[in-house]
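Hi,

Here's the structure I said I'd pass on. Have a look at it first, and my notes follow underneath.

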Amino acid sequence: MKTFVKRDIWKKLMFFAAALLLMLVPVSEISAQAEKDSVDRDWMTNEEFLQKLDDIEKASSGRVKVDVAGHSSQGTEIMSARVGTGDQVLLINSSIHGNEKSGGEAIVEILDYLGTSDDSFAQSVRDNVTIVTIPRLNVDGLEIPQRQNIFPWEEVVSVYPHLAGAAQAWHYNARNRGFDINRDFHADLNYQVVPEDLPGTTLDFGFFITKEAQLLRDLYVDLQKEFGKVEAFVDLHHMGTPKLNKTGEEVTIAIDFPPLGPEDSTKYDAWPLLDQDKSKRYALAAALGVKEFSDKEEPGVSQYIHFQERDYPGQARSAFALNGSATVLFEMPGQQPQFGYDQDLVNRVENGLWGMISRMADGSIDDLNGDEFLTEVPRYWTDNITDMRDVLERFTKEGQLKNAGLSRALANDLKNLEVYEKQKNSEKMVKHLEQFKVALDKQREKELIEREAYNRLNSDANTLLERWKKK
Ligand SMILES: [Zn+2]
């Protein structure tokens, strides 16, 4: 693809220039400097981040525009940055959870490149796409770091006196004295909180209680007015450290479309702009980008956990998807502060974004087949019996089942279950999943199966059992 070639050339030129520079410096100094960099480098502090944005804006000759987008619930400035003049707007948000830091680092690298490069790829992106971004939304949570913002309930009541005596919202964390901002969104962008709707649940919309959620919503609404619609929204996160079903390989980036399931749900019929297939196309573009823009193999690109019933309407990406945007979630392995700076991980976020941006720029994103996101990108979780067969096969290879005969019996059970699943025979699914669980328990009692394999297969069976009991 042309655009990738162009960016590759840019990368190679940079490499060549760097190599030339290296030749002028004695080797001992280089290795000493490299070691110093890897030890010293950490996630940017807020001060470093603000300085970096300022440097980028200054170096960009007016291409990158940095602004104070608003303030956190504690009054801290939240920055936005914008580059490009295209008709399609891509809104990128990061660090809505304060213990998830890689997104902002990747965003500044993109702003830096698009602000200063004159190559034809950068030019075509700037001409065809407008990128608007909040690289660090939860500024107060980032400082601690903690997942929630800081907004103690007594402050909530002083800001919203009509909530005095109301139940605390379910996404308020009393210990951390703040909210999970990414449960505070409502598809009705004009919604205002009323005590009757509290405390709410994970299956309801959020309340726009936090200033941070309001700020992102206001930016979204402004862009809707300016462009007619917000073409796409990306939210950048971190998660745990799972392994792929089939290969056991570590997941290095997980990507998702909006969790508004199940597919035949009538819950969102009042939101006709929802276009899940479009979100899947954008998610696929991101997955492809991670591979295409990397010098490495990238075997750990994965779908994020998304079993059919998953339903989180209060997330920003869900609320915006219901308003007609394609929305994509990135989840990077390992949260802060336990996981330190990792350049490969930041590059993966950046490359995933380039996968979408480059295809928006040349218009090819609409030619992708969204279903391929489900069929071609591997999983680390179980949505059907085929996933369970993949997992069982891997555990067998890893030696987690001690008896070949019993392991074959379990494999056979799953093979039969796969047939019933295709026939949508709920009666047989329930009966045989229950039998499968009994067989698993027997193996565990005789210590013929390791705990990890037992726990995973048992919980997978429970998930599917619950689904088929409802049908
Ligand atoms: Zn998160």
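Asp235 stands opposite Leu329, which belongs to β10. Keep in mind as you read that this is a predicted model.

That pairing is part of a longer run: β7 and strand β10 (residues 326-333) are parallel to each other and are joined by eight bridges. β7 also pairs with strand β3 (residues 88-94), again in the parallel sense, this time through five bridges. If you want a spot to look at there, find Leu90, which sits opposite Ala232 in β7.

So is β7 enclosed or open? Strand β7 covers residues 232-239, and because seven of its eight residues are buried, it is largely enclosed by the rest of the structure.

Next, Ile305. You'll find Ile305 in the loop that runs between β9 (301-303) and α10 (316-322). Ile305 has 18 other C-beta atoms within 10 Å, and a residue needs 20 or more to be buried, so Ile305 comes out as partly exposed. Its C-alpha atom lies 7.6 Å from that of Arg379, although the two residues are 74 apart along the chain.

Zooming out, the domain assignment splits the protein into domain 1 (1-40), domain 2 (45-145 + 209-376) and domain 3 (385-470). The centres of domain 2 and domain 3, taken over C-alpha atoms, are 36 Å apart. Where these two domains touch, domain 2 contributes five residues and domain 3 contributes seven. On the domain 2 side of that contact, the residues are one nonpolar, two polar and two charged.

Cheers

How values were computed:
Residues numbered from 1 in each chain as written. Predicted model: local features only at pLDDT ≥ 70, side-chain atom pairs only at ≥ 80, totals over all residues. Helix = DSSP H or I, 4+ residues; strand = E, 2+ residues; numbered from the N terminus. Buried ≥ 20, exposed ≤ 12 C-beta atoms within 10 Å, placed from the backbone. Pairing = 2+ DSSP bridges. Domains from an automatic or database assignment. Nonpolar A, V, L, I, M, F, W, Y, C, P; charged D, E, K, R; others polar.
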